[in-house]
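Here is a quick tour of one helix, the core around it and the strands next door. Have the viewer open while you read.

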Amino acid sequence: MDRDLSDDDSVVDLSFEAESPPAPPAELLERLPSCDWLLQGGGQQIFFPPLEAPGRPLEQRCWSSFMEHSRVPMMTEEVAREALLSFVSSKCCYGRAAAGDLVIQELKQQTLCRYRLETFTESRISEWTFQPFTNQSVDGPQRGTSPRLWDIKVQVPPMFQEDTKKFQVPHSSLVKGCHKCHGRGRYKCSGCHGAGMVRCPSCSGAKRKAKQSRRCQMCSGSGRRRCSTCSGRGNKTCATCKGEKKLLHFIQLVIVWKNSLFEFMSEHRLNCPGELLAKAKGESLFKDESTMVYPIVDFPLREISLASQRGIAEHSAALASRARVLQQRQTIELIPLTEVHYWYQGQTYVYYIYGTDHRVYVVDYPERYCCGCTII
């Protein structure tokens with residue numbers, strides 16, 4: 001006979017609900033005496049300390065000395081040819097003959113400046129979370145006052161390396177009955193609604209298949225089969241409390257270290273794609289690192305000074321209200337760029353050499369036999 005658990009008070013009918021653990025209702029968790037400053041008006045809140053007073057701005061720099069000690073070597077025909085040969089050798093469908101026999105007609109060289117601003121920040125988020133209670137020790141408010149979020153000492157990762165870590169706030173724990181199963185540890189199976197048996201899928205409960213006189217072999221003529229969802233038990237273990245009936249609630253501190261990047265490339269007159277130049281290796285000209293850097297105001301190339309001012313202003317406006325700035329770093333790099341015009345078999349072609357590692361971008365190589373590889 002089929003088992004009916006509809007009148008069993010020890011099992012909650014949650015067959016209509018999802019099994020994933022939802023958040024408990026807000027009224028379930030009373031405000032902890034030591035945490036009145038937490039979770040005001042919602043289940044999650046971001047906290048950050050007052051901004052520290054900035055230091056003194058740096059004195060004006062002598063950029064001429066920087067330029068003298070950070071010169072990018074001039075491109076020569078020999079280096080330009082070697083760069084193209086190296087590029088062609090890395091491509092399966094590019095012939096080497098053109099690279100070896102071409103006649104270089106002109107080298108147009110330009111040195112670009114790339115400005116980068118990195119702002120490394122830390123933000124702290126508090127949120128209620130829970131886990132099954134297995135009679136572990138409970139660190140509740142009776143053991144003391146919970147520290148404020150920014151008073152909790154943690155190990156900061158290396159500067160400018162992003163990371164996320166989670167910590168249990170001391171003295172914020174409390175034990176409650178599971179809100180999903182109402183403290184019973186199990187609930188009715190959604191497949192059989194607590195009966196443990198379901199209609200036979202082969203004969204649809206008719207005990208015999210249509211137009212057949214013999215009984216259904218799958219259910220042995222009973223018209224019912226054991227529920228595969230609960231293995232015939234009629235109920236399932238609560239996925240929220242794992243059958244423990246109780247939950248340990250606590251305030252969790254989530255710390256996010258993020259590195260925000262602002263980047264600007266000086267204007268160039270050559271037709272090399274900007275996305276390649278943004279990734280190019282450069283010669284370091286200047287680096288300034290501090291808790292708060294100041295805009296560059298006296299750089300010979302005015303657009304770099306303006307980019308520095310704009311980047312610092314943008315990061316300040318975007319991050320000041322959401323996180324604490326731990327460190328800032330601004331750099332200027334020199335990016336060499338050469339446009340190579342060459343002649344081969346009566347036609348003129350062009351390719352570009354960019355970066356200190358002499359990467360090559362080919363516009364239209366004369367000995368390309370297939371379309372199986374990219375030109376970048």
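In this predicted model, helix H2 runs over residues 77-89, and its 13 residues reach 18 Å from the first C-alpha to the last, close to the 18 Å expected at 1.5 Å a residue. Which residues of H2 are buried? They are Ala80, Ala83, Leu84, Phe87 and Val88. These buried residues cover an arc of only 130 degrees around the axis, so they sit on the same side of H2. The helix geometry helps here: an α-helix has 3.6 residues a turn, so residues three or four places apart point the same way. Turn H2 around and, on the other side, you find Glu78 and Ser86 exposed.

What do the buried residues of H2 pack against? The list has one helix, H3 (96-101), plus the strands S2 (103-132), S11 (324-344), S12 (347-354) and S13 (359-362).

That leads to the core. The largest nonpolar core has 21 residues, and those with the most contacts inside it are Leu84, Tyr351, Ile353, Val360 and Tyr365. H2, H3, S11, S12 and S13 are the elements that give two or more residues to this core. The top contributor is H2, with 5 residues. Another core lies apart from this one, made of 16 residues, among them Val72, Tyr115, Ala307 and Ile312.

Tyr365 is worth a click. Leaving out residues up to four places away in sequence, Tyr365 touches Leu84 and Val88, then Tyr94, Gly95, Arg96, Ala98 and Ala99, and also Tyr342.

Now for the strands. S12 is mostly covered, with 6 of its 8 residues buried. S12 pairs with S11 and also with S13, and here are the two pairings side by side:

| Strands | Sense | Bridges | Residues between the strands | Positive phi |
|---|---|---|---|---|
| S11 and S12 | antiparallel | 8 bridges | 2 residues | Gln345, near 50 degrees |
| S12 and S13 | antiparallel | 4 bridges | 4 residues | Gly355, near 85 degrees |

To check the register, pick out a bridge from each pairing. Glu339 has Tyr352 in S12 as its bridge partner. Ile353 stands opposite Val360 in S13, and both Ile353 and Val360 are among the residues with the most contacts inside the largest core.

What about the cysteines? A search of the whole structure turns up 0 disulfides. Cys113 counts as buried because its relative accessibility is 7%, under the 20% cut-off. Cys272 is buried too, with a relative accessible area of 4%.

Finally, zoom out to the whole chain. How many helices and strands does the chain have? There are 5 helices and 13 strands. Of the 376 residues of the chain, 41% count as buried. As for contacts between residues at least 6 apart in sequence, 82% of them join residues at least 24 apart.

Methods. Residues numbered from 1 in each chain as written. Predicted model: local features only at pLDDT ≥ 70, side-chain atom pairs only at ≥ 80, totals over all residues. Heavy atoms only, no water. Expected span 1.5 Å × (residues − 1). Buried < 20%, exposed > 50% of the residue type's maximum accessible area, 1.4 Å probe, protein only. Arc of directions from axis to C-beta. Contact = heavy atoms within 4.5 Å. Core = buried A, V, L, I, M, F, W, Y, C linked by side-chain atoms within 4.5 Å. Disulfide = S-S within 2.5 Å. Pairing = 2+ DSSP bridges.
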